[in-house]
Amino acid sequence: MLSRGYTYKLKPFLKRLRATPAINAPLTSFLRWGLSKAGQELPHRFHFLLRAGDFDLELPLGGWVRIRSTADDSVTSGLFWWGWRSHEPETLGLFQALARRAVTVVDVGAHVGLFTLIAAASVRAGGTVYAFEPLPQCFDRLRENINLNGFDNTQIYVAAAGSESSTKDFYFINGVATPMMGGLATIFANESYMSTLKVPVVTLDETIGDRRVDLVKLDTETTEADVLTGMRTILARDRPTIITEVWDQPRGEALTEILKPLGYRFFALETNGPVPTDIVRGGSPSMNCLATTRSSDEIFEIARSADASLKSRR
């Protein structure tokens, strides 16, 4: 039986071994293949089995993208084991359906690029995807994923988006290679598990300029209203459809105050499809909201067609 001291020293070695693609990739690929042949998938209680190695991800409405996973990110590992349904399934199919109708898509808080990749693979011919990610390690993975796919229709920025151009403190979780939680919000400032980094902040009005914007995805951990404030010209000119995360009702009210005077309608994105709401509902089960000037009938039709496409491909 191994002593505690020996086991403690062995753990870092085993962790490095697990993160070595030459070892991890064939083993995890073989395990997934075996489970698929048996008509099964990895039980979610084994979520700690992280993937190290590139893999192909089938998109909700068809098409594929290639994603890099280095055994340090539960999101990409989840996509490897369980496909796109492992991450915001109530949102991804609708997002891809809207991206197919768009010429210009903006992804604010791009992380390692899942929404950026879907948009780049789906946007109309001649279209462009703008992606903003302020955390350097996440930005590097975003760039790697774009290069893996050979996309030449993206413009990426290692910057946050906000209400004005500046430099601000960005808070992110300690000890995580590509942290999912992080942002400019000062609510994170006194948390012991957070580190701080100075990052550039830009406005979408200044960065994108006169180009028409059709679709925007926002996920900035509570500062979404600041992003909208910095794109008031785009909002007034283009009325883009917006998919945004909303943590709680006060933040939902801030978004409503900006968007409702412009004629926006709101939908909570739930597992059974978009649900109309009178204001932006914060903290709904999925925490994601659709804001659009499209008619309710058009949104329901887009959602129905996306759902029909999903069912036909199962």
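Visitor: What is the relative accessible area of Arg 237, and is Arg 237 buried, exposed or partly exposed?
Guide: The model is predicted, and in this model Arg 237 meets the side chain of Asp 238 in a salt bridge, at 2.9 Å from N to O. Buried means under 20% relative accessible area and exposed means over 50%, and the value for Arg 237 falls in between, so Arg 237 counts as partly exposed, with a relative accessible area of 34%.

Visitor: Is its partner Asp 238 buried or exposed?
Guide: The side chain of Asp 238 shares the salt bridge with Arg 237. Because the relative accessible area of Asp 238 is 6%, and the limit is under 20%, this residue is classed as buried.

Visitor: Which side chain of opposite charge is nearest to Glu 245, given that Glu 245 has no salt bridge?
Guide: Glu 245 has its place in strand β11, residues 241-245, and its side chain makes a polar contact with the side chain of Trp 247 at 3.0 Å. A salt bridge requires the nitrogen and oxygen to lie within 4 Å, whereas the nearest side chain of opposite charge to the buried Glu 245 is 8.7 Å away, and that is Lys 217.

Visitor: How many residues apart in sequence are the parts tied together by Asp 54 and Arg 68?
Guide: The side chains of Asp 54 and Arg 68 meet in a salt bridge of 2.8 Å, N to O. Asp 54 lies in the loop between α2 and β1, while Arg 68 lies in the loop between β2 and α3, so the pair ties together parts whose separation in sequence is 14 residues.

Notes. Residues are numbered from 1 along each chain as its sequence is written. This is a predicted model: local features need pLDDT of at least 70, side-chain atom pairs count only at pLDDT 80 or more; totals for chains, interfaces and linings use all residues. Side-chain values use heavy atoms; hydrogens and water are left out. Helices (H or I, at least four residues) and strands (E, at least two) are DSSP runs, numbered from the N terminus. Buried means under 20% relative accessible area, exposed over 50%, partly exposed in between (1.4 Å probe, protein chains only). Lys and Arg count as positive and Asp and Glu as negative; His and the chain ends are not counted. A polar contact is a pair of N or O atoms within 3.5 Å; within protein, one must be able to donate a hydrogen and the other to accept it, and residues adjacent in sequence count only if both atoms are side-chain atoms.
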